[in-house]
Amino acid sequence: MEFELQYISWIAGAPLFTVIILAEIIISRLHDVNLYTTKETITNVYLMCCQMAVDFAFKFVSLVALAWCYSNLFFNIESAWIYWISLVLLVDLAYYFLHWLDHNCRLFWAIHVTHHSSAEFNISTGFRSSVFQPLYRFIFFLPIAFMGFNPIDILFVYAIGQMYGNLVHTQLRTRWGWLEYILVTPSHHRVHHASNIPFLDKNIGMVFIFWDKLFGTYANEKLIEGKEKLIYGLTKPIERPNHPGDVIFHEWYALLEDLKKPVPLSTKINYLLKAPGWSPDGSTKTSKQLQKEWLEKNNAELSFQVVN
């Protein structure tokens, strides 16, 4: 049951996502907006299949670790309402910290970057998976198992949250009203996938947007209205964006080149652990450095915490 849970949710959701993607293609064509290309869509499916293979191969290890933590739980939660509400919040919070690490440590960014590598943004982009993330993702769920939450339930809640997270990968404009203060919406997630400087590493949450507001990583799509057009993908696009190897390993190649430089060991460690873009001489910059320059250039006494 535990082994098959996530795959059952994927299989069950496949017909739904097929219909939704077809609807998005039709609607975009009716509005003379081409949101899909064949090459990018095939790449998205390829990356999803690669991650599923890694996840499947590593599932036993992650389940054993979660089960051990659960067998040594700290306490039991008697109320079903408290149990499920707490679990939904904790799983999404754990994902927030996982996703934050993926964006703020170059070693993990080298894995996660594949998800951001497309210059397109549509629902199929949600399946453009970080191939090797299953090798460490479960670590962020271990404290939840220690707190008395069943590994089956943890994986189930994560799988449902992941399905929701895929749905907000769309450029189609919708109004969510008061829900925009609680949930991650397409508007929030367009910000996350934009390569515009003020939006780098913003709106990291998968289901709930209030984590970003709480931890200072929130930005509103309105921030650059009238100034810039949203640009999706990476600040430095991949030379061969649909090459099967480059799309997964291009940042690893760049990282290895930096590690080969004749620099002290401490600098090599910084290349691995500091934020993407870090360099000892400032020749390349992190997102925070770029955002500081952007604010100064635009005379922006603006905060990234622009309200809805």
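## A buried asparagine and its helical surroundings

At 1% relative accessibility, Asn203 counts as buried, where buried means under 20% relative accessible area, exposed means over 50%, and partly exposed lies in between, with a 1.4 Å probe and protein chains only. The model is a predicted one, in which local features need pLDDT of at least 70 and side-chain atom pairs count only at pLDDT 80 or more, while totals for chains, interfaces and linings use all residues. Residues are numbered from 1 along each chain as its sequence is written, and side-chain values use heavy atoms, with hydrogens and water left out.

Asn203 is placed in the loop between H8 and H9, and its phi is near 55°, a positive value in a residue other than glycine. Most residues other than glycine have a negative phi. Asp201 is also found in the loop between H8 and H9, and the phi of Asp201 is near 60°, again positive in a residue that is not glycine.

The table gives the relative accessibility of four residues from this part of the chain.

| Residue | Place | Relative accessibility |
|---|---|---|
| His192 | helix H8 | 3%, buried |
| Ser195 | loop between H8 and H9 | 13%, buried |
| Asp201 | loop between H8 and H9 | 17%, buried |
| Asn203 | loop between H8 and H9 | 1%, buried |

His192 lies in helix H8, which covers residues 186–193, and, not counting residues up to four places away in sequence, His192 touches His99, His103, His116, Lys202, Asn203 and Ile204; a contact here means heavy atoms within 4.5 Å. Ser195 sits in the loop that leads from H8 to helix H9 (210–215), and, with residues up to four places away in sequence left out, Ser195 touches Leu200, Ile231, Tyr232, Gly233, Leu234 and Thr235. Ser195 and Leu179 are 16 residues apart in sequence, and their C-alpha atoms are 25 Å apart in space.

Turning to the whole protein, the model has 12 helices and zero strands, where helices (H or I, at least four residues) and strands (E, at least two) are DSSP runs numbered from the N terminus. With 308 residues, a compact globule would have a radius of gyration near 19 Å, and the protein agrees with this because its value is 20 Å; this radius is taken over C-alpha atoms, and the globule rule is 2.2 Å times the number of residues to the power 0.38. Along its principal axes, the C-alpha trace spans about 55 × 55 × 40 Å. Of the 308 residues, 49% count as buried, and among the contacts with a separation of 6 or more, 73% come from residues 24 or more positions apart. The protein exposes about 15800 Å², of which carbon and sulfur atoms supply 68%, the areas coming from the Shrake-Rupley method with a 1.4 Å probe.

Helix H12 shows how burial can be arranged along a helix. In H12, which covers residues 287–297, Ser287, Gln291 and Trp294 are buried. Seen down the axis of H12, these buried residues fall within an arc of 60°, so they line one face of the helix, the arc being that of the directions from the helix axis to the C-beta atoms. The face of H12 turned away from the buried side carries the exposed residues Lys288, Lys292, Glu296 and Lys297.
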